[in-house]
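User: I'd like to go through how some of the labels on this model were assigned. Can you take me through them?

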Amino acid sequence: MTTPALLPLSGRRIPPLNLGPPSFPHHRATLRLSEKFILLLILSAFITLCFGAFFFLPDSSKHKRFDLGLEDVLIPHVDASKGAKNPGVFLIHGPDEHRHREEEERLRNKIRADHEKALEEAKEKLKKSREEIRAEIQTEKNKVVQEMKTKEKKPLPPVPIPNLIGINGGDPEDNDIRKKREKIKEMMKHAWDNYRMYGWGHNELRPIARKGHSTNIFGSSQMGATIVDALDTLYIMGLHDEFRDGQKWIEDNLDFSVNSEVSVFEVNIRFIGGLLAAYYLSGEEIFKVKAVQLAEKLLPAFNTPTGIPWAMVNLKSGVGRNWGWASAGSSILAEFGTLHMEFVHLSYLTGDPVYYKKVMHIRKLLQKMDRPNGLYPNYLNPRTGRWGQYHTSVGGLGDSFYEYLLKAWLMSDKTDHEARKMYDDAIEAIEKHLIKKSRGGLTFIGEWKNGHLEKKMGHLACFAGGMFALGADGSRMDKAGHYLELGAEIARTCHESYDRTALKLGPESFKFDGAVEAVAVRQAEKYYILRPEVIETYWYLWRFTHDPRYRQWGWEAALAIEKSCRVSGGFSGVKDVYSSTPTHDDVQQSFFLAETLKYLYLLFSSDDLLPLDHWVFNTEAHPLPVLHLANTTLSGNPAVR
Ligand code: DMJ
């Protein structure tokens with residue numbers, strides 16, 4: 001699978017534009033289920049009738065019809081002299097014979113009574129209307145779900161909650177900045193209210209069709225992805241009624257015991273990350289419980305010969321598999337390499353080392369492998385433990401793996417030196433082989449494909465500006481200034497990719513080829529789907545430099561989104577950023593609420609809101625607190641809490 005536009009993911013990869021109407025396999029499945037049930041019911045009534053008839057017939061006629069009479073099987077007492085079929089095998093006489101006759105009669109009566117009862121029940125059922133039968137099926141289903149929920153309610157051990165600093169506030173002093181921040185909050189309200197009105201409980205919203213939307217990354221169920229993804233943004237913006245509304249939906253409806261195949265990576269970063277952040281910010285236990293329930297359902301994905309997880313897992317059966325388009329059945333670096341932060345928190349909160357062990361196993365395996373030119377290829381086969389194609393990218397398929405190495409170190413209060421070393425080594429190789437300057441002086445990150453550098457940079461790779469800035473402090477040989485500068489250069493390039501379009505919004509990917517600089521060439525790369533990476537980089541650069549240009553660029557992007565993506569039913573992506581009349585793709589991505597609007601809001605807040613020395617943002621912008629693990633071990637040895 002080489003055409004990025006066809007990749008069925010939205011993570012740090014490129015989802016297809018949404019062009020067709022949504023399908024609702026869940027509804028179709030429910031209908032089919034009811035119909036099947038009714039057919040089965042009729043069939044079972046028919047069988048019951050036959051059995052019933054059998055018992056109402058006189059004994060003699062039964063024997064004629066069935067050679068293997070019940071006597072042969074159940075009642076081993078028949079005298080051979082009276083015509084038994086197995087003479088001499090079971091001959092019982094005297095008082096025993098009498099006892100056995102009675103026993104036979106008792107059994108006969110019981111069977112007759114049971115069948116009469118079943119017949120009556122079936123007749124009653126058949127008298128019911130389709131709706132009544134459907135309601136009964138629903139009640140049965142609810143009962144099962146309720147039972148499963150009760151079973152799943154395992155108490156979690158109390159753990160010391162990390163020091164939570166700066167979970168609200170952030171009011172800027174400057175009046176103009178305050179107004180801009182208010183505007184971003186209003187945009188969030190617009191996105192949320194419309195989702196609430198037209199897409200509630202669905203994964204995402206189609207703001208023009210005004211109905212729910214989903215993609216295969218979320219499986220076939222309505223898991224309320226937008227609700228879970230948006231919670232922490234609502235919280236920090238002080239939208240508490242909306243937050244409580246979301247919480248209530250999660251309490252009443254979010255259920256992971258569904259026969260649905262989901263993306264392990266997407267569900268981890270959006271759901272587990274979102275739930276954990278909501279838990280830390282609000283202190284509401286329900287979020288932690290749900291995060292753990294979901295994590296348990298993801299664990300079977302690690303049952304591969306190498307321990308490198310499958311890309312997808314069925315939440316009910318636990319069966320895993322990889323994307324059909326991935327090179328040689330491989331798992332994807334950015335997917336199996338973007339579990340660390342959430343899984344470490346899960347072990348911390350549950351006291352169960354299983355999550356920590358899974359991600360540490362991945363790290364150890366990667367450490368042992370050869371890396372061509374020191375670069376990590378994007379594809380790794382979970383059966384053989386061998387790399388697939390030698391493609392390396394800091395954009396789609398690779399990106400958040402590097403991000404999580406750095407963030408593992410930050411999240412451990414800078415004690416996870418192994419992670420920091422892996423990050424430093426990887427970044428050195430990336431700088432050497434993938435980062436170039438264009439003729440016009442723009443620094444870009446290309447992609448390595450089988451020994452050759454493709455001079456193309458994806459919107460997704462723009463997050464790296466923020467990553468370089470975040471990793472500057474603590475870098476090798478005191479190169480902090482260098483990395484901060486590198487981050488700023490990437491921010492400038494990505495800003496150019498926005499500025500050189502008609503809508504002032506960035507394309508999905510852009511080229512550096514001869515006279516072409518920071519511009520998309522192929523039609524399939526000209527879309528903007530409300531992605532956050534460029535704004536994310538502006539925000540990190542703003543926090544580290546306080547250079548006003550980042551707020552200015554962020555505001556330009558906010559205005560462009562408002563102008564070209566806002567519709568009366570929410571916000572939509574656009575299909576071509578070079579055309580001055582926007583054509584909408586009719587999808588409001590959940591990451592627009594989780595990330596794009598959160599980073600914009602933070603850009604216009606003061607630095608005391610979610611300060612970076614206390615919080616580390618997962619790749620979906622869900623803030624998780626730094627863990628001071630000095631007296632704690634996550635690996636399950638006796639020192640665990
Ligand atoms: C988000 O789901 C996350 O940022 C992920 O890491 C990459 N892609 C999307 C947004 O573009």
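Analyst: Sure, starting with strands: two of them pair if DSSP finds at least two bridges between them. Helices (H or I, at least four residues) and strands (E, at least two) are DSSP runs, numbered from the N terminus. This is a predicted model, where local features need pLDDT of at least 70, side-chain atom pairs count only at pLDDT 80 or more, and totals for chains, interfaces and linings use all residues. Residues are numbered from 1 along each chain as its sequence is written, and side-chain values use heavy atoms, with hydrogens and water left out.

User: What makes β8 and β11 a pair?

Analyst: Two bridges join β8 to β11 (residues 447–449), in the antiparallel sense, so the at-least-two rule is met. Thr392 sits opposite Trp448 of β11. The open sheet has three strands, ordered β8-β11-β12.

User: Why do β8 and β12 stand at the edges?

Analyst: Because β8 (391–392) and β12 (452–454) each have a single partner strand, one side of each lacks a neighbour in the sheet.

User: How do you know that Cys462 and Cys494 form a disulfide?

Analyst: Their sulfur atoms are 2.1 Å apart, and the cut-off is within 2.5 Å for a pair of cysteine sulfur atoms, so they qualify. The bond links distant parts of the chain, with Cys462 in the loop between β13 (456–458) and α16 (464–472) and Cys494 in helix α17 (residues 480–499). A search of the whole structure finds one disulfide.

User: Why is this disulfide called left-handed?

Analyst: Because the torsion about its S-S bond is about -95°.

User: Why is Cys494 called buried?

Analyst: Its relative accessible area is 2%, and buried means under 20% (exposed is over 50%, partly exposed in between; 1.4 Å probe, protein chains only), so the label fits. Cys462 is buried too, at 0%.
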